[in-house]
Structure formats: structure tokens, C-alpha cells
Amino acid sequence: MEYKRVNQNINNIVNEQVRKLESIFPSAVKDGEVDFEALREELGEFQEVDNEKYELTWAGKKNAKKIAQEDVFGRTLKFIPEDSKNADTTENLYIEGDNLEVLKLLRQNYYGAIKMIYIDPPYNTGNDFVYNDSFAVSQEESDIAEGNMDEFGVRFSANAKTSNRYHASWLNMMYSRLKISRDLLTEDGVLFVSIDDNEQENLRICCDEIFGIQNFVAQLIWERAYAPKNDAKFVSNSHDYVLMYVKNIDMFTIGRLPRTEEANARYKNPDNDPRGVWKPSDLSVKTYNAACDYPITTPSGRVIEPPAGRCWSLSKKAFLERLQDNRIYFGSDGNSVPCMKRFLTELKYDGMAPTSIMPYKEVGHSQEGAKEVTALMKAGVFDGPKPVRLIMRLLTLANLAGDSLVLDFFSGSGTTAQALLQFNLEKKSNCKFIVTQIPELTVDNGTANKAGYKNICEIGKERIRRAGDKIKSEHPDTEIDIGFKVFRTADTNIKWNSLMDMGQLDIEQMKTTPDLADFMPNAKDVDIVYELMLRQRNVALSETLEQLSDIGDRTYLYASSYLVCLETEISEELVSKLAELNPLPVKFIFRDSAFRDDIALKDETFRRLRALIEKNSGTNSTSYTVEFI
């Protein structure tokens, strides 16, 4: 009998893309393979004229695409309870590790689940950055790609070099991460990327390719400096950018900003209209319509024609109706050019439409971000943090629902996490964060290092702890989630290449050290369970993990739905207890080695368990499965 095994692979991106393509163009996929000629015909290209097309390319781009599609083998996420806060109840996550690896490990669990992604990647200032992924392009590779040298090393010209190597390594680092991050977004999800002048142009073209140019929303301009630099060589650069892309422009609705006192002050009530304050609106328009070209007589008897080249925005009938309803105003003297009243109480939207300019007075500046960290941490332990108000503005624009997920995979000092805690407090929402950061070492003898923070992750975790505690101390009645579970990238706990399949299982060894048949030395049960959960679709790592001590010493229930039995021996009594669970788990996972070499017992147990499952599930349409490791 064939038994289903837990799949070692976490991602199979290529096959998924082929299936998506087949659902749109069935004729272009034949026996699981893409017929590119048929695909071109489906797209209306019956003859390829040339190979030139509009795109951004650089040395190493193909490899970056390839890496984005590769699975991550032999790695997992290890739960770190001692660094976590409120681990038993929180739904927030802090993950330490290289974010490319983390994104791949999370892809199965959070596919299409993230409402908003914000990242503040290392700006390409010409200095080395930590995230290189061996993507650095050699001098020779770059020369060939730029057309300065052929594959045999013959240089074509002595012209000055372009800046390809300067940009290529950075773009290679970003491309694969952005490619995977798109899969994590909900259909109405949104991506924000902070960037400066060095790469904003390249990043935008890169995002156009990954997200689709039609899904570009805005290039927001953030006024990051409140005063000019007098020592600037040419122009004092006082701004950065935030690129804004969505997964599907037809599904996205932008959040509107709260009305300001300044905006409300534009509304007056000079004629004491009982409907309240209003502001004037021009009654004329540029588009000419003969039906709207008529003279208007003021209450004082003055005849007014539309301005030259324009006409009124209302037909004469519509104008007279609004005049009767006291919605036309001729000035305090009753003799001025008429305008329409726009009442504040009759606004179509509750809030204000955002603009592409984000002034520091509204969203904070760089110095504000630095002061926030210093005040909370009692020292300046991080350079260049974004201000909390800036991230809160982006959270508002993302139009988060009550329990939306927010991801930041360049989390740095943890500004996004702190901003989301503050956002939840003010909006009375229950949004959750997933933040990840590579444990980059702090500078020896630097402020952070002297303060006891050996890497950036230590800074980020401590900042989130203090930010949450501050909110609780100032608002003791709030019930927002200020905790977080910490995970760290680590080597696998499971011997995925089964020794049983290779005929190398030592039965005698199993009697003394049975765990060595399936697991790495010193592997902990909780880490094994989490590693198995990374291979399930749509199962959050923030879910509860319960040990079923009334069933066995090593039997666990995850998210009230996934039963993981790590017992070294399976008995009929244990199987009966499992099948009687209510509600019934959707999946049961057993160890192959727990059945020893008794195939008959395994067959009998499997059949009996499936029969009990079918009996207990009744007419339930849920798909129940049994798998083995």
C-alpha cells in the first residue's frame, strides 16, 4: 500500500505558474509543458519581428529570477520562546534570518494572506550591504553584459564604463525578494518601498515588471528633512520616495486621511444657511455645451454671461432648481459671479484624498525617527530609522481591515511593528505584524554595542517590547496585542531522505535511540512540529500548539486542526483515541519508524484510522488526510 508522505518541498513555484497559465490559456499548456509558440499566438503575436523590447536588464538578472523560483532545502524556522513576549497568546511574529530564505519559508503558510508590505531596504549608496546572496557580479561578467568585452575577453571599446556593477548587485538582491513578496499579498494587498534617488528609477521599472505597470499607484515624496543642508555641494536633498504598488488595481481601495482643522477651516457660512458650513465651487467649466450657455441675472439685477471660452456646469433647468434650493450664492452684495455651495455635511467621503507629497509636519522627518528610538531605548542605538508617523500614514493608505496582516522584511529597528501597535490603539483594530531582520552585527565600540546590543535583531526586539509596555502603561485598559513570537532560521530537524527507503534503517539502533531514525540529534519536538507546519498551506505560525498528554507523551495538536504524533510506538489504543477527537483534525501525521518493520500493523492501523475518521466526520465535506514522515 502506498502511504502519503509529508512533502519535503515547501515551494514549487514553476508548477504553480504553469497551472495558472493553463487556467487562462489552456491551449498553451500541453501535458504540463508550456508551448511558447501557442502562447505567443494566444497573445496575438503570430510572427516575431525582432527581439528588442522595453525592459530593464542588468548582469545577473536571469540568475535572480532563477533564485526566486528555487525552493529552500534543509532549512526551517526555530521557535525561540525565551526571546518571545506573550508567546501563548500573541499573533505577531519576529523572525531572525536572511529575508530571502524567510520569504521562501513563509510562502506556503502566508500565500495570498498579507494585506500590506512595507520595506525600507538598504539604499544603494555605493557601500557594501549585507544582503548580497552571492549575487555580486564579477568585473568580467559585468563587462560582457555591458557590451564592453566579448566572451573571449576581447574588449570592444575604451569608453568610460556605465554604472552596471554599481546597480546590478543591488537589483539582484531586490528582484528575487520582490518577486516572492508579490505571492504573499492578498488580491487587494499593497506594497510600499522606501528608496532614494540612487535607485528609485531602476526600482520602479523593476516593480513595473514584477507587479505590472497597471498596478502602480504612486511615487510618494516624503519630506525627510526639516531644514536645508548649507554645506550641500549643489542642492540640499530634503526628500526620499515611497513607491506604492498593489497586487490588483481593480481590487484595491485606498484609505482616506482624517480631515484636518485646516481643511475644515475652508468651509464658512456667510449667509447663515441652516444646513451648516460650506465652501464655494466654480459654476463654470471648460467643456462647452450650448445648453449650458445662458445669461444669469443676479438678485441685484446684474446680467452675467459665462467666462470667455467656458459655459456653466449646469443646464438652465438644473440651475433654477439649485437656485430655488438656496444652493447658489451671489456674494454678500448679491451682485457677484455666482458659485455653488458645497456643504461639509454632504461630502461624499468621510476623509480626505491623500496627495503624493508627504510633508514632515504631517508624517515626521528623519530626526524625529532618531529621537523616537533614542527616547525609547535611552540611547541612539540605530542610524536612520523612519518616523512612526510616516509608517502610520502608509498603514492608513493601505486601508487595513480589523485583523489585517502587515509584513516588513527589512525591519531594522522595528519601526513598522511599533507603528502598527500605535495604529491598533488609535483605530481600535487588531492588525498583526510579521517582521524579519538579518542579525547584522553592531559596530564594535559603537553606541549600540556598548549598550549591550550585539546585533540589530536585539535592538528591534527590545524596541518592540518597550513600545508595547509604554502603550500598556499609558493605556492600561487597552486590549491590543503587544506580544510577539520569535523564530530564527536554522538547519532542518528532520531526516527527509528516509533511511527506510534507502534500506539503511538499523532496527537495533531504533530500539535504543529511535529518534535518530527520523530526526537530527538534539531535535526538539516543538521545532519538528513547526517545521512540518511550514509545509502546510494557509497555516499561520502564530497558531496555538497543544500537547495532548491524555493521548501520549509526544502527541501534539496545532491550530486545533493538525495532529502530529511523534510517539516512538503506535498502538491500537492510541489510534482509537486519535480518531475520537472532537472536532476532528484535518490532518494526521505519524512517524514511519513508529511502526518498526511491522508492515501488517501499519496497514491495519492505517485502514482502521481512515475508517474511524470517515465514520466520525459523517457528511462533513472537509478533506481529512493521513501522512507519514
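**Nonpolar cores and the surroundings of strand S17**

In this predicted model, Ile-434 is in contact with Leu-93, Ile-95, Leu-106, Tyr-110, Ile-114, Leu-405, Val-406, Leu-407 and Asp-408, when residues up to four places away in sequence are not counted. Ile-434 belongs to the largest nonpolar core, which comprises 70 residues. Together with Tyr-110, Leu-203, Leu-532, Met-533, Leu-541 and Tyr-558, Ile-434 is listed among the residues with the most contacts inside this core. Helix H6 (residues 164–184) supplies the largest share of the core, nine residues. A second core, separate from the first, contains 42 residues, including Phe-192, Leu-220, Leu-394 and Ile-464. In soluble globular proteins, nonpolar side chains tend to be buried together.

Four of the residues touched by Ile-434, namely Leu-405, Val-406, Leu-407 and Asp-408, make up strand S17 (residues 405–408), which is covered on both faces. Leu-405 and Leu-407 are buried on one side, and Val-406 and Asp-408 are buried on the other. In a regular strand the side chains alternate between the two faces of the sheet.

Strand S17 pairs in parallel with two strands, S5 and S18. Strand S5 (residues 114–119) is joined to S17 by two bridges, and Met-116 stands opposite Val-406 of S17. Strand S18 (residues 432–437) is joined to S17 by four bridges; here Lys-432 is the bridge partner of Leu-405. Between S17 and S18 the chain passes through helix H13 (residues 415–427), forming a right-handed β-α-β crossover.

Technical notes: Residues are numbered from 1 along each chain as its sequence is written. This is a predicted model: local features need pLDDT of at least 70, side-chain atom pairs count only at pLDDT 80 or more; totals for chains, interfaces and linings use all residues. Side-chain values use heavy atoms; hydrogens and water are left out. A nonpolar core is a set of buried Ala, Val, Leu, Ile, Met, Phe, Trp, Tyr and Cys residues joined through side-chain atoms within 4.5 Å. Buried means under 20% relative accessible area, exposed over 50%, partly exposed in between (1.4 Å probe, protein chains only). Contact means heavy atoms within 4.5 Å. Two strands pair if DSSP finds at least two bridges between them. A crossover is right-handed if, with the strands pointing away from the viewer, the path from the first strand over the helix to the second runs clockwise.
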